[in-house]
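Please take a first look at the sequence and the 3D structure below. Keep both in view as you read.

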Amino acid sequence: LSHNQRKRKMKIAAVFVSSLAVASAFAPAQNGRVSTELAADKTPFFQRVFGMDLFSPVATQNDYGARNKKGLGLAKISSKSYVPAGLTAAEYQKIRDKDEDKKNKFYQKNVAKAGKFIDYTDFYMKRGTDTSDAWFKSPTNGHRMAKTKYDFSGSKQEDKNYDGSL
């Protein structure tokens, strides 16, 4: 085919494709709505979404104290591990194990306290708030004071005295 014949065939093909596009643009729309319903389950979408229990496989994973069941632990030191200068790997592992034990004991102490609360009603009755206002005249205004490490009453001499050194 010559160059002019190829050009003519391409023009005819372009006109044919464009006429199909124009004809389909003015074609009547389909009647009815496209169904978005799932064939198997007829429950409403939001009911299915809000009814999901994502924690059902492991229902206790967020309970206080569940950290013990997760198999978390300190990795052992390998040949590629960091070991501080001046320590052997065994000495460093011993220090890390001691720190891990301390952390676990503290966690267990907090787990043991979980769910134990002071009943506010009992506190309220014991304070006498329901019968008189004597609690308001007390030095603490009815508040419970926390224990402190030091004696702030002034009865003990806990300050370091000047010993002449600089």
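The paragraphs below go from the whole chain to its helices and then to single residues.

Keep in mind that this is a predicted model. Start with the overall plan. The protein chain has five helices and zero strands. Read along the sequence, that gives the pattern α-α-α-α-α.

How much of the chain is buried? Of its 166 residues, 7% count as buried. A residue earns that label when its relative accessible area is under 20%. The accessible surface of the protein chain comes to about 15900 Å². Carbon and sulfur atoms hold 59% of that surface. Contacts add another view. Take the contacts in the chain with a separation of 6 or more: 28% of them join residues 24 or more positions apart.

Now go to the helices, beginning with H1. Helix H1 covers residues 3-25, which makes 23 residues. From its first C-alpha to its last, H1 reaches 33 Å. That is close to the 33 Å expected at 1.5 Å a residue. Is H1 buried or in the open? The number of buried residues in H1 is zero, so this helix lies largely in the open.

Helix H2 comes next, at residues 45-50. Phe-45 has its place here. Phe-46 and Phe-50 lie in H2 too, four residues apart, or about one turn of the helix. A general rule helps here. An α-helix has 3.6 residues a turn, so residues three or four places apart point the same way.

Look at the rings of these residues. A pair of aromatic rings is described by the distance of the centres and the angle of the planes. The structure holds three aromatic pairs. One of them joins Phe-45 and Phe-46, and it is edge-to-face. Its centres are 5.3 Å apart, with 75 degrees between the planes. Another pair joins Phe-46 and Phe-50, and this one is stacked. Here the centres are 5.9 Å apart, with 20 degrees between the planes. Ring pairs thus link Phe-45, Phe-46 and Phe-50 into a cluster.

Where do these rings sit, buried or exposed? Phe-45 and Phe-46 are exposed. Phe-50 is exposed as well. Together with Val-49, the three Phe residues make a nonpolar surface patch of about 470 Å².

Helix H3 takes us to residues 89-113. Its 25 residues should span 36 Å at 1.5 Å a residue. The end C-alpha atoms of H3 are 36 Å apart, which agrees. Just after H3, Gly-115 takes a positive phi of about 80 degrees.

Which residues of H3 are buried? They are Tyr-92, Gln-93, Glu-100 and Tyr-107. Take two of them in turn. Gln-93 lies in H3 and has a relative accessible area of 11%. Gln-93 counts as buried because that value is under the 20% cut-off. Leave out residues up to four places away in sequence, and Gln-93 touches Leu-74, Ala-75, Lys-76 and Ile-77.

Glu-100 also lies in H3. The relative accessible area of Glu-100 is 17%, so Glu-100 is buried too. Set aside its neighbours within four places in sequence, and Glu-100 is in contact with Gly-73 and Leu-74. Leu-74 therefore appears in both contact lists, that of Gln-93 and that of Glu-100.

How values were computed
Residues numbered from 1 in each chain as written. Predicted model: local features only at pLDDT ≥ 70, side-chain atom pairs only at ≥ 80, totals over all residues. Heavy atoms only, no water. Helix = DSSP H or I, 4+ residues; strand = E, 2+ residues; numbered from the N terminus. Expected span 1.5 Å × (residues − 1). Buried < 20%, exposed > 50% of the residue type's maximum accessible area, 1.4 Å probe, protein only. Contact = heavy atoms within 4.5 Å. Areas by Shrake-Rupley, 256 points an atom, 1.4 Å probe, with all protein chains shown as cover. Patch = residues over 30% accessible without salt bridge, like charges linked within 9 Å, V, L, I, M, F, W, Y side chains within 5 Å. Salt bridge = Lys/Arg side-chain N within 4 Å of Asp/Glu carboxyl O. Phe/Tyr/Trp six-rings, centres within 6.5 Å; stacked < 30°, edge-to-face > 60°.
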